Amino acid sequence: METSLVLKCWGPVEADYNTHGGLVLNRLFAEHPDTQKLFPKFAAITDKGELASSAAVAAHGATVLKKLGELLRARGDHAALLKPLATSHANTHKIPINNFKLITEVIVKHMAEKAGLDGAGQEALRKVMAVVIADMDATYKDLGFSG
């Protein structure tokens with residue numbers, strides 16, 4: 001049920017992943033500046049205007065949102081999608097699990113403002129992401145990554 005509440009507002013995001021993705025990552029970097037250093041391609045960009053207009057930032061944000069869309073459509077049956085994602089984020093990218101909580105809140109705010117996600121939908125997205133993050137954390141622990 002939670003995924004349905006989120007997916008009913010997913011259309012605007014899906015219609016323009018690049019714009020929404022760029023906005024989400026730029027907001028993440030603005031609200032949590034330490035997260036920017038986790039993205040080697042963008043870590044050195046200090047000019048906020050350059051960051052906001054960066055096609056690479058928008059493309060990476062689009063990738064994040066497309067994967068979120070896949071996870072939402074899996075409706076909880078996401079193990080096959082999540083395992084490689086968690087493995088790469090632990091072993092290759094070394095992304096601490098807390099950062100997924102940070103971006104979740106950014107996405108919740110963004111969807112409330114730009115996609116009409118109401119209070120129930122916001123809570124639903126938080127619940128879905130709590131499960132996803134817990135499952136990622138379990139994979140992190142299996143891999144011996146304590147990020």
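**Entry 1: Lys141**

I began at Lys141, which counts as exposed because its relative accessibility is 58%, above the 50% cut-off. A reminder to myself: this is a predicted model. I found Lys141 in helix H8, which covers residues 119-143. Next I looked for a partner of its side chain, and a polar contact of 2.7 Å joins the side chains of Lys141 and Asp137. I also looked up how Lys141 stands to Pro12: the two are 129 residues apart in sequence, and their C-alpha atoms are 35 Å apart in space.

**Entry 2: helix H5 by itself**

I turned to helix H5, residues 55-73. Does its length agree with what its residue count predicts? I took 1.5 Å a residue, which gives an expected span of 27 Å for the 19 residues; the end C-alpha atoms are 27 Å apart, so the two agree. At the start of H5, I saw that a side-chain oxygen of Ser54 comes to within 3.3 Å of the backbone nitrogen of Ala56.

Then I noted which residues of H5 are buried: Val57, Ala58, Gly61, Ala62, Leu65, Leu68, Gly69, Leu71 and Leu72.

**Entry 3: H5 against H3**

For a pair of packed helices, I need the angle between the axes and the distance between them. Helix H3 (residues 17-31) packs on H5 at about 100°, and the axes are 7 Å apart. That angle makes H3 roughly perpendicular to H5. From H3, the contact is made by Tyr17, Asn18, His20, Gly21, Gly22, Val24, Leu25, Asn26 and Phe29, and from H5 by Val57, Ala58, Ala59, His60, Gly61, Ala62, Leu65 and Lys66. Sorted by class, I have nine nonpolar, seven polar and one charged residues in this contact.

I checked back with my buried list, and Val57, Ala58, Gly61, Ala62 and Leu65 are on it.

**Entry 4: H5 against H6**

The other pair I looked up is H5 with helix H6 (residues 79-91), whose axes come within 9 Å and cross at roughly 145°. Lys67, Glu70 and Leu71 of H5 meet Leu81, Leu82 and Leu85 of H6 here. What classes do these residues fall into? I get four nonpolar, no polar and two charged.

**Entry 5: two loops with a positive phi**

I went on to the loop between H5 and H6, where Arg75 is found. Its phi is near 50°, a positive value in a residue other than glycine. Lys94, in the loop between H6 and H7, also caught my eye: its phi is positive, about 55°, although it is not a glycine. Is Lys94 buried, exposed or partly exposed? I count Lys94 as partly exposed because its relative accessibility is 44%.

**Entry 6: Thr35 and Leu102**

My last stop was Thr35, in the loop between H3 and helix H4 (48-52). Thr35 is buried, since its relative accessible area is 3%, under the 20% cut-off. Leaving out residues up to four places away in sequence, I found that Thr35 touches Leu28, Phe29, Asn99 and Leu102.

I followed that last name to helix H7 (residues 98-114), where Leu102 lies. Beyond its neighbours within four places in sequence, Leu102 is in contact with Leu28, His32 and Thr35. Leu28 is thus touched by Thr35 and by Leu102. For Leu102 and Gly49, I noted 53 residues apart in sequence and 22 Å apart in space, C-alpha to C-alpha.

Key
Residues numbered from 1 in each chain as written. Predicted model: local features only at pLDDT ≥ 70, side-chain atom pairs only at ≥ 80, totals over all residues. Heavy atoms only, no water. Helix = DSSP H or I, 4+ residues; strand = E, 2+ residues; numbered from the N terminus. Expected span 1.5 Å × (residues − 1). Buried < 20%, exposed > 50% of the residue type's maximum accessible area, 1.4 Å probe, protein only. Polar contact = N/O pair within 3.5 Å; in protein donor to acceptor, adjacent residues only side chain to side chain. Axes fitted to C-alpha atoms, helices over the stretch in contact; angles between N-to-C directions. Parallel < 35°, antiparallel > 145°, perpendicular 65-115°, else oblique. Contact = heavy atoms within 4.5 Å. Nonpolar A, V, L, I, M, F, W, Y, C, P; charged D, E, K, R; others polar.
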